Amino acid sequence: PVTRRVALRAHLVDAARFLLEEGQPKKAIPFYERVIAGKDELETRLNRELAGAHKDCGNYSAAIEILDQCLAHAPNQPRLLAEKAELYQLMSQALEQLPGDAGLLASKARLLADNQDWAPALAAAEEAVAQNPGDLDLRRFAAELAASSLQAARGRALLADVSAPSVELAC
């Protein structure tokens with residue numbers, strides 16, 4: 001079926017180009033539009049499959065980020081919104097079962113930060129750092145959240161025992 005769709009798209013493009021060469025651009029437009037619409041549909045489907053793979057691996061924040069990109073291009077997709085809601089619920093359930101999981105807490109912090117929910121994002125990030133103090137990227141992320149929340153002292157504390165911090169905390 002995929003090769004058949006690819007072949008159909010190629011024929012549609014050939015037909016559109018022929019019509020342009022024949023001086024009939026008005027007739028070529030629907031052919032181009034059909035090819036482009038099919039491309040968007042295929043791209044959305046592949047991105048949904050990619051998000052599903054991330055979900056199956058427990059990478060909820062990556063899956064949600066991919067779905068957000070799809071929604072930015074096609075905001076009226078109820079299926080995408082439902083899948084995103086399911087991911088939020090799965091993350092919440094996973095955190096109930098594994099409340100100290102640093103990876104889940106970091107994902108939660110990133111999602112909250114993406115929604116500009118700064119105080120809970122910082123709390124989740126600090127909790128993730130407490131569970132995994134050796135993760136320097138996580139520490140920097142938490143310190144950046146602290147700086148964004150005008151909590152410079154908390155940011156400095158997150159970086160206190162890290163050599164050569166790369167985050168400026170000017171608050």
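Which residue caps the N-terminal end of α5? In this predicted model, that residue is D101, which places a side-chain oxygen 3.0 Å from the backbone nitrogen of G103. The paragraphs below set this cap in its surroundings, beginning with the overall fold and then following several helices and single residues.

The protein consists of eight helices and zero strands. Its pattern, read along the sequence, is therefore written as α-α-α-α-α-α-α-α. Of its 171 residues, 32% count as buried. Among contacts between residues at least 6 apart in sequence, 36% join residues that are at least 24 apart.

The N-terminal part of the model offers a starting point. Helix α1 covers residues 2-21, and A10 lies in it. A10 has a relative accessibility of 38% and so counts as partly exposed, since the partly exposed class falls between 20% and 50%. Although 25 residues separate A10 from V35 in sequence, their C-alpha atoms are 8.5 Å apart in space.

Further along the chain comes α3, a helix of 14 residues. From its first C-alpha to its last, α3 reaches 20 Å, close to the 20 Å expected at 1.5 Å a residue. The buried residues of α3 are Y60, S61, A63, I64, I66, L67, C70 and L71. The loop between α3 and α4 contains A74. Because its relative accessibility is 19%, A74 counts as buried; the cut-off for that class is under 20%. A74 and T44 are 30 residues apart along the chain, and 8.6 Å separates their C-alpha atoms.

Helix α5, whose cap opened this account, spans residues 102-114 and has 13 residues. The distance from its first C-alpha to its last is 18 Å, close to the 18 Å expected at 1.5 Å a residue. Buried positions in α5 are A102, L104, L105, A106, S107, A109, L111, L112 and A113. Against which helices do the buried residues of α5 pack? They pack against α3 (60-73), α4 (78-97), α6 (118-131) and α7. Just after α5, the backbone at Q116 takes a positive phi of about 55°.

One of these partners, α7, comprises residues 136-148 and includes R139. Is R139 buried or exposed? With 8% relative accessibility, R139 counts as buried, because the limit for that class is under 20%. Leaving aside residues up to four places away in sequence, R139 touches V129, P133, L158, L159, D161 and V162.

R139 also takes part in the packing of α7 with helix α8, which runs over residues 152-159. The two helices pack at an angle of about 170°, with their axes 7 Å apart. That angle makes α7 roughly antiparallel to α8, since angles over 145 degrees fall in that class. On the α7 side, the residues involved are R139, R140, A142, A143 and A146, and they meet A152, R154, G155, L158 and L159 in α8. The residues of this contact divide into six nonpolar, one polar and three charged.

To return to the opening, α5 carries a cap from D101 at its N-terminal end, is followed by Q116 with its positive phi, and packs through its buried residues against α3, α4, α6 and α7. From α7, the path continues to α8 through the contact in which R139 is one of the residues.

Conventions:
Residues are numbered from 1 along each chain as its sequence is written. This is a predicted model: local features need pLDDT of at least 70, side-chain atom pairs count only at pLDDT 80 or more; totals for chains, interfaces and linings use all residues. Side-chain values use heavy atoms; hydrogens and water are left out. Helices (H or I, at least four residues) and strands (E, at least two) are DSSP runs, numbered from the N terminus. Buried means under 20% relative accessible area, exposed over 50%, partly exposed in between (1.4 Å probe, protein chains only). Contact means heavy atoms within 4.5 Å. The expected span of a helix is 1.5 Å times one less than its number of residues. A polar contact is a pair of N or O atoms within 3.5 Å; within protein, one must be able to donate a hydrogen and the other to accept it, and residues adjacent in sequence count only if both atoms are side-chain atoms. Axes are lines fitted to C-alpha atoms, for helices over the stretch in contact, and angles run from 0 to 180 degrees between N-to-C directions. Angles under 35 degrees count as roughly parallel, over 145 as roughly antiparallel, 65 to 115 as roughly perpendicular and the rest as oblique. Ala, Val, Leu, Ile, Met, Phe, Trp, Tyr, Cys and Pro count as nonpolar, Asp, Glu, Lys and Arg as charged, and the others, Gly among them, as polar.
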